[in-house]
Amino acid sequence: MRQYSYEFCPLGDLSKDIRVLEIIDNTSDPIDCNLVKNPPGKPYTTLSWCWGMQGQEYTEIRIIDENQPYEFKVPKSLESAIRMLRQHKKSRIWIDYICIDQLSVNEKNHQVPMMSHIYGEAERVFVWLGDEGEESRVAMEFVENRVLNLRDFDRLIRDENAVREWRALSALMKRQWFSRRWIVQEIAIAQNATLLCGPHKVEWRDFADAVSLFNEVEKSTRKISEVMKFNRELGHIPDFFGDVSELSATKLVEETNNLFRRLTSKDREAQFSLEYLVSKLTAFKSSEPRDAIYALVAIARDTRPVTTQFENSVIQSWTYPEYIKQKLINQLARQSVSKPYHVDYAIPLSDVYAQFVKWTIDKSEKTRALDIICRPWAPEPPPPESTSRDDSGDEEEEEDDEEDPHCHFRIKTNMNRPEGEGTDTLPSWIPTVDRAAFGMDGTGQKMTRKNADSLVGLPPRRIYRAAGTRVLTDNFRMEDGITYHNLDERLNGLHYHSIFVEGFVLDTVRTLKDPSQQGNIPKDWLALARDKHGQLRDEFWRTIVADRSPAGENAPRYYPRLVDHAVRQGVPGDALNTKDLVNWGNCTIVGEVLRRVQSSIWNRKLMRTKADRRLGLAPELASSSDLICILYGCSVPVLLRKFTKTPEEVRDEDRQRQEKQEKLEEKRRVEAAKTIWRTWGYFTARRRANGRLPPRSSAVRAGSVMNSPIQRSDDLNLNTDKKPLKSEPDVYYQLIGECYVDGMMNGEALMRSHQSMLFEIR
């Protein structure tokens, strides 16, 4: 049987038209369908499902075109979903995998920005959680019949006989669908949604309420965990569920409830910026790493392009001269809160990530604009598509430099760049989600902590003010190129991205203690806990809680007493096992402060600075002699590691920089010529109409911002009282990560004399 071709169902306008799959109501195997262009206004439903899983099996459906069947390969999980929809008599449905030509980058670039419209206009969104499992039926019935029976809810959370049901609900919440990045948008904007798991179904609003109640009980009282802990069949596990609030299902329920503020019965307003959404929703994955950003564009407060595009189309229909219309469009672009964010699956992954960082920095409040380079948000690049094999069929062992993806913190993306642009890599200032605070444990059964919380927190809040009121300066810029002639051969041929940031060196790392494992306090840390009189050192307790409460406020006054009590519970000469004290200790409030300790020190090192001998917390990869720096526009200190370029490397980078500058100048000259031509045409028309020249004050100089709807980044004037700085041409720095320096987190460093410099970080 021949393969189906999208030529049989072409789309006229890729940014408006959509296809719909019509499931033929019969019992045929394979499933018979029609793929048609959907007429405007005709009702349809959509399917939200989990696709892109590695190692998945494929099967086929048949698409009928002019009575001729054609084969269309689909993942087996999708075929199961279509089969179940046919059983439920759902015939007209939009499915992304089938209704968008996944091999056409151009079509994806046009259709993906329409996703919010597609899901928002659908009569209902059907969610396919997968085939029925051992306990999925128990979980679905538990939601429908027991959890939402509020009259018996207090008894239910203490009921030892409900252990199986709570375990089944927890397992259902870990289904792979809940970890997809796209589902946030699909559920948030759905008019109605229904969850399907095998033959069982439950309304989304009922499931969401059940999850929200489960999370609230666990977060505030942990009563259900207490019941599970004393269950013999479950092995008396003290933290059976892990952190329920960090599960993707919980985050989906809570975040989709908060994403929009309802204005009228139909209208609603997005509440969060793209930076917030990308930073907050790291628990949600995508098979395409670019979708970590693109999947959230339509539901962000500052990225929806609908209003501006609508106004542009209206203005273009007017009969005013082109110059006047362009002026109005530019004015709208400057005043609109929501700006277009371009979706392009063709550009290299590192460029997509760098574009997002640039967008975030431009949109952020300038005293915290650089916090994005400290906060882990970027999905790790996918593995190489294939592994070379020798003639015997065995995998060949690759050379050491190929096995190690981190070359001076440069992570290879395993994706292509245009010819002549080198190997694509991520710079050190794009932190990947392997540094995120939470992740699934090895069994895949519960969400557990794997790293400390980021010190910068979530936007727009600032937890610290290490740079005081100093803002990102106009010396900031981005640059990219290819590394040649480096002494480290692993770096040669790699494409790099640099940011140039103003700041100063505060101090240097002198000594480092062992990293905290599992949030425990190592014994060499405890050696610094007390002074010669046996009193708990102020700098010690403040450092291990990062001088803040879990809410980001000043550390409560009782913290030192509780930390002192906890330290005394440990075995002398050994590490302090914070997990045991949290789970089995006899003082719950001590357990809470130890959770704060864990969130501050997990996998971090205790450091002592060289000049001021201050105590602090450093990333796990920190080394002695790393530089502790304050960057203007970053709310926390950072560690930078210095590297030296060879003279040949410097000359080659100057050559690349000059070539790019010449191309940019040529482009600007062309744009300026077009502007002059448009302006001359406008004045000529005015002269003919009025018989005189317009007033001198109305003249618009060539290159004015009014002639371009988007202001160039190098035109931004963020700090005009500063003279331009130049970076050291033969030096660049790697960002090791954020750090805590006791007594230097609230702008104290600005009170001493310092020499500002421009760091090139790559």
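Start by selecting Leu-21 and Ile-93: Ile-93, in strand β6, is the bridge partner of Leu-21. Keep in mind as you click around that this is a predicted model.

**Stop 1: strand β1 and its neighbours**

Now widen the selection to residues 92-94, which form β6. This strand runs antiparallel to β1, and two bridges join the pair. For the other pairing, select residues 32-37, which make up strand β2. Here β1 and β2 pair in the antiparallel sense over five bridges. To see one of the partnerships, pick Glu-22 together with Asn-34, its bridge partner in β2.

While β1 is still on screen, select residues 19-23 and ask: why is this strand largely enclosed by the rest of the structure? Four of its five residues are buried, so the surroundings largely enclose it.

**Stop 2: helix α1**

Next, select residues 76-87, which are helix α1. How far does this helix of 12 residues reach from its first C-alpha to its last? The span is 17 Å, close to the 16 Å expected at 1.5 Å a residue.

Turn on the side chains and colour the buried positions: Leu-78, Glu-79, Ser-80, Ala-81, Ile-82, Met-84, Leu-85 and Arg-86. The list includes Glu-79 and Arg-86 alongside Leu-78 and Ile-82. Then step past the helix to Lys-89, which follows α1 and has a positive phi, near 65 degrees.

**Stop 3: Pro-376**

Jump along the chain to Pro-376, in the loop between α16 (349-363) and α17 (400-403). Is this proline buried or exposed? Pro-376 is buried, because its relative accessible area is 14%, under the 20% cut-off for that label.

Which residues does Pro-376 touch, not counting those up to four places away in sequence? Select Thr-282, Pro-431, Thr-432, Val-433, Arg-435, Ala-436 and Ser-454 to show them. Thr-282 deserves a distance label: Pro-376 and Thr-282 lie 94 residues apart in sequence, and their C-alpha atoms are 8.3 Å apart in space.

**Last stop: the whole protein**

Finally, zoom out and select everything. The secondary structure comes to 23 helices and 25 strands. Of the 762 residues in the protein, 52% are buried. If you draw the contacts between residues at least 6 apart in sequence, 74% of them join residues at least 24 apart. Switch on the surface to end the tour: the accessible area is about 37500 Å², and carbon and sulfur atoms account for 47% of it.

Terms used:
Residues are numbered from 1 along each chain as its sequence is written. This is a predicted model: local features need pLDDT of at least 70, side-chain atom pairs count only at pLDDT 80 or more; totals for chains, interfaces and linings use all residues. Side-chain values use heavy atoms; hydrogens and water are left out. Buried means under 20% relative accessible area, exposed over 50%, partly exposed in between (1.4 Å probe, protein chains only). Two strands pair if DSSP finds at least two bridges between them. Contact means heavy atoms within 4.5 Å. Accessible areas come from the Shrake-Rupley method with a 1.4 Å probe; for residues, only the protein chains shown count as cover. The expected span of a helix is 1.5 Å times one less than its number of residues.
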